[in-house]
Every structure is written in C-alpha cells, then in structure tokens.
Amino acid sequence: RGGELEYLGRLDDQVKIRGFRIEPREIEIALTAHRQVREAAVVVRQDGGGERSLLACVVLREGAERPEGTAMTAITETLRDFLACRLPPYMVPAFAFGGELDRLANGKLDRRALARWTPIAETARAVGAPRTPLEELLAGICAEVLGLERIGLEDSFFEHGGHSLAALRVLARVR
C-alpha cells in the first residue's frame, strides 16, 4: 500500500527465552517420538516475577497412567533424559501431565489454558525436607526464586527450572 510495509507478526511460533530462540514445535516433535507419549504441546509460562520458561504438557499413551509420586519423578526423568540426547539443554522444558490437551471449540490447542497446567516440580513432594533453620531458609529462598511451593534438599535447582540468572537471584537473597 503506497510503498509502506505492514508487519503482521511471525508466521511461526518461535519464542525467545533468556536470549535463546526456541521453536516449541521442535520440542513437541522430539517428545512425541518417545514411545510413552501420545501427544505433547510446549507452551511458555510466566511466573510471578515475569520469568519465562518452557512447559511441556504431555498426554501419555493408552495404558500409561498419569504418574503419581515416585512414578511421576521417574517418567519426568525419563523424558528429560530422552530430550537431553536430542536437544540443547536450554530447550528441555518442565513437564506437566494430563488426560487430554485443552482445545478450543474449533479443535485448535488452547495454549492459554495449557500454560496454566501445573509443572511436576510444583506438585511433587520435595525430597529431603530441611532439618535446620538455615536449611529451611535456603530452601525457602530457592523455592521462591523458582516460583515453587517448596523444594527439597536433594532436588536439583536446575531441573526445577533454575538457570544462571535465577542462581544469581538466590545468591543475592542469601547475601
């Protein structure tokens, strides 16, 4: 129109998180290659502090129950290891499991509803409860920075969504 360019947005779903350009569909394809995964959608979540992270909403195949307790940890670790062999570390998401992916009336994925799924890290029982007031304080700081209800002494900060910037926030709070 009259020599003007009109920008209408991206044609793909590429997102930028902590300086990395990520195509969620690439992660979905890698996840659905796993024999236990029937369907997967990867969305971007934003915590209370505005920090963005990837969340894989996963529907397991027929016969595989929604994981609970230690089974939840096992399937999460299995999928994390599976993706770690196929994708760079910054593309390995947190996981949430459900019976069906949320869809709009037209059958498309409801990505807003999927972003509200609760990641396993937030529902799993923290391993190794703090034993001293100092451990309790440190675990509380880590949980707050990660946007979790609680975190155990033996939980991995990085597997629960931590990264270098979050670690610096923890260090600043500790000081």
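Here is a short back-and-forth about how the labels on this predicted model are earned.

Me: Let's start broad. What makes up the protein chain, in helices and strands?
Reply: There are 6 helices and 5 strands. Along the sequence they run β-β-α-β-β-α-β-α-α-α-α. Of the 175 residues, 35% count as buried. The accessible surface is about 11,100 Å², and 51% of that belongs to carbon and sulfur atoms.

Me: Why is Cys-57 called buried?
Reply: Buried means under 20% relative accessible area. Cys-57 sits at 0%, so the label fits.

Me: And why does Cys-85 get called exposed?
Reply: The cut-off for exposed is over 50%. Cys-85 comes in at 66%, so exposed is the right word.

Me: How many disulfides does the structure hold?
Reply: The count is 0. A pair of cysteine sulfur atoms would have to lie within 2.5 Å to be called one.

Me: On to helix H5. How do you know that its length agrees with its 14 residues?
Reply: The expected span is 1.5 Å times one less than the number of residues. For H5 that gives 20 Å, and the end C-alpha atoms are 20 Å apart, so the two agree. H5 covers residues 133-146. Right after H5 comes Gly-147, with a positive phi near 75 degrees.

Me: Which residues of H5 are buried?
Reply: Glu-135, Ala-139, Ile-141, Cys-142, Ala-143, Val-145 and Leu-146. Helix H6, residues 164-174, is among what covers them.

Me: What makes the nonpolar surface patch?
Reply: Leu-134, Leu-137, Leu-138 and Val-174 make it, and the patch is about 360 Å². H5 gives the largest share, 3 residues.

Me: Why is Leu-138 called partly exposed?
Reply: Leu-138 belongs to H5. Partly exposed is the range between the buried cut-off of 20% and the exposed cut-off of 50%. Leu-138 has 35%, so partly exposed is the label. A patch member needs over 30%, and Leu-138, at 35%, therefore clears that bar too.

Me: What makes Glu-144 and Arg-173 a salt bridge?
Reply: The side-chain nitrogen has to be within 4 Å of a carboxyl oxygen. In this pair, N to O is 2.8 Å, which meets the cut-off. The pair links distant parts of the chain, with Glu-144 in H5 and Arg-173 in H6, 29 residues apart.

Me: Are those two buried or exposed, and why?
Reply: Glu-144 is at 53%, so Glu-144 counts as exposed. Arg-173 is at 42%, so Arg-173 counts as partly exposed.

Me: What about Arg-131 and Glu-135, what do their side chains do?
Reply: They meet in a salt bridge, 2.9 Å from N to O. Arg-131 has 67% relative accessibility, so Arg-131 counts as exposed, whereas Glu-135 is one of the buried residues of H5.

Me: How many salt bridges does the structure hold?
Reply: There are 6. One of them joins Glu-28 and Arg-111, at 3.5 Å from N to O. That pair links distant parts of the chain: Glu-28 is in H1 (residues 24-32) and Arg-111 is in H3 (residues 111-114), 83 residues apart.

Me: Why do Glu-28 and Arg-111 get their labels, buried or partly exposed?
Reply: Glu-28 has 3%, so Glu-28 is buried. Arg-111 has 32%, so Arg-111 is partly exposed.

Me: Now the histidines. Why is His-163 called buried?
Reply: With the buried cut-off at under 20%, His-163 at 8% qualifies, so it is buried. His-163 lies in the loop between H5 and H6. Leaving aside neighbours within four places in sequence, its contacts are Arg-18, Glu-51, Phe-157, Phe-158 and Arg-169.

Me: And why does His-34 count as buried?
Reply: His-34 has 6% relative accessibility, so His-34 counts as buried. His-34 is found in the loop between H1 and strand S3, which covers 37-46. Setting aside neighbours within four places in sequence, His-34 is in contact with Thr-78, Leu-79 and Phe-82.

Me: Last one. What share of the chain's contacts with a separation of 6 or more comes from residues 24 or more positions apart?
Reply: Those residues account for 55% of them.

Terms used:
Residues numbered from 1 in each chain as written. Predicted model: local features only at pLDDT ≥ 70, side-chain atom pairs only at ≥ 80, totals over all residues. Heavy atoms only, no water. Patch = residues over 30% accessible without salt bridge, like charges linked within 9 Å, V, L, I, M, F, W, Y side chains within 5 Å. Areas by Shrake-Rupley, 256 points an atom, 1.4 Å probe, with all protein chains shown as cover. Helix = DSSP H or I, 4+ residues; strand = E, 2+ residues; numbered from the N terminus. Buried < 20%, exposed > 50% of the residue type's maximum accessible area, 1.4 Å probe, protein only. Contact = heavy atoms within 4.5 Å.
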